[in-house]
Amino acid sequence: QVHLVESGGGLVQAGGSLRLSCAASGRTFSSYAMAWFRQAPGKEREFVAAVSWSGRTTTYADSVKGRFTISGDNAKNTVYLQMNSLKPEDTAVYYCAAAGRTHSYEYDYWGQGTQVTVSS
């Protein structure tokens, strides 16, 4: 059974930083794409950032480019999302996702989410 558990969310003032963590169990994720998505109240879930199965390629939504960084620690089977210069519009529940197959960006596994609230 694959499990993804997010942590690190919280309340922060605009301009502040947070680092989200996603601990994976049930499978080694070093050869699978991992990603972060978010969903704000009343809005659709949206893509935030992804790291490829090789770990060499990262992709970001335009809204977070230059402020957020996705990274992984294979030894800990954990993916991180460093969020800097946070804005109130970054407020959302953030979800970690993992691809079900290598060389794929189709995400079959999801965490339960962690709340990020940015106050103005």
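**Exercise 1. Find which residues Arg-67 is in contact with, leaving aside its neighbours within four places in sequence, and decide whether Arg-67 is buried or exposed.**

Solution. Leaving aside the neighbours within four places in sequence, Arg-67 is in contact with Gln-82, Met-83, Asn-84, Ser-85, Leu-86, Lys-87 and Asp-90. This is read from a predicted model, as is everything that follows.

Step 1: place the residue. Arg-67 belongs to the loop between strand S6 (58-60) and S7.

Step 2: apply the cut-off. A residue counts as buried under 20% relative accessible area, and Arg-67, with a relative accessible area of 11%, is therefore buried.

Step 3: look at the polar atoms of its side chain. One backbone oxygen, that of Ser-63, lies 2.8 Å from a polar atom of the Arg-67 side chain, while the backbone oxygen of Ser-85 lies 2.9 Å from a polar atom of that side chain. Ser-85 also appears in the list of contacts of Arg-67.

**Exercise 2. Work out the order of the strands in the open sheet of four strands, and say which strands stand at the edges.**

Solution. Step 1: write down the order, which is S1-S3-S8-S7, with antiparallel pairing.

Step 2: identify the edges. Strand S1 (3-7) and S7 each have a single partner strand, so one side of each is left without a neighbour in the sheet. From one strand to the next, the twist averages 15°.

Step 3: go through the pairs. S1 and S3 run antiparallel and are joined by five bridges, and Glu-6 stands opposite Cys-22 in S3. S3 and S8 pair in the antiparallel sense over six bridges, with Ser-21 opposite Tyr-80 in S8. S7 and S8, which also run antiparallel, are joined by six bridges, and here the bridge partner of Ser-71 in S8 is Tyr-80.

Step 4: examine the turn and the covering. The hairpin of S7 and S8 has four residues between the strands, and in it Asn-77 takes a positive phi near 55°. S8 itself is mostly covered, since five of its six residues are buried.

**Exercise 3. Locate the disulfide, and explain why it is left-handed.**

Solution. Step 1: find the pair. A search of the whole structure gives one disulfide, formed by Cys-22 and Cys-96, whose sulfur atoms are 2.0 Å apart.

Step 2: see what the pair connects. It links distant parts of the chain, because Cys-22 lies in strand S3 and Cys-96 in strand S9, 74 residues apart.

Step 3: use the torsion. About the S-S bond of Cys-22 and Cys-96 the torsion is about -75°, so the disulfide is left-handed.

Step 4: check the surroundings. Both Cys-22 and Cys-96 are buried.

**Exercise 4. Describe the largest nonpolar core, and state which elements give two or more residues to it.**

Solution. Step 1: take the size and the centre of contacts. The largest nonpolar core has 29 residues, and those with the most contacts inside it are Met-34, Trp-36, Leu-81, Met-83 and Tyr-94.

Step 2: list the contributing elements. Two or more residues come from each of strand S3 (18-25), strand S4 (34-39), strand S5 (46-51), strand S7 (68-73), strand S8 (78-83), strand S9 (92-99) and strand S11 (114-119).

Step 3: separate the other core. Apart from the largest core lies another, of seven residues, among them Ala-33, Ala-35, Ala-50 and Tyr-107.

**Exercise 5. Compare the surroundings of Phe-37 and Ser-52, stating whether each is buried or exposed.**

Solution. Step 1: place Phe-37, which is found in strand S4. Its relative accessible area is 13%, so Phe-37 is buried.

Step 2: list what Phe-37 touches. Not counting residues up to four places away in sequence, Phe-37 touches Arg-45, Glu-46, Phe-47, Val-48, Val-93, Tyr-94, Tyr-95, Ala-97, Tyr-107 and Trp-110. Asp-108 is 71 residues from Phe-37 in sequence, and their C-alpha atoms are 13 Å apart in space.

Step 3: place Ser-52, which lies in the loop between S5 and S6. With 5% relative accessibility, Ser-52 counts as buried.

Step 4: list what Ser-52 touches. Not counting residues up to four places away in sequence, these are Tyr-32, Ala-33, Thr-57 and Tyr-105. The side chain of Ser-52 also makes a polar contact with the side chain of Ser-54, at 3.1 Å.

Conventions. Residues numbered from 1 in each chain as written. Predicted model: local features only at pLDDT ≥ 70, side-chain atom pairs only at ≥ 80, totals over all residues. Heavy atoms only, no water. Core = buried A, V, L, I, M, F, W, Y, C linked by side-chain atoms within 4.5 Å. Buried < 20%, exposed > 50% of the residue type's maximum accessible area, 1.4 Å probe, protein only. Disulfide = S-S within 2.5 Å. Pairing = 2+ DSSP bridges. Axes fitted to C-alpha atoms, helices over the stretch in contact; angles between N-to-C directions. Polar contact = N/O pair within 3.5 Å; in protein donor to acceptor, adjacent residues only side chain to side chain. Contact = heavy atoms within 4.5 Å.
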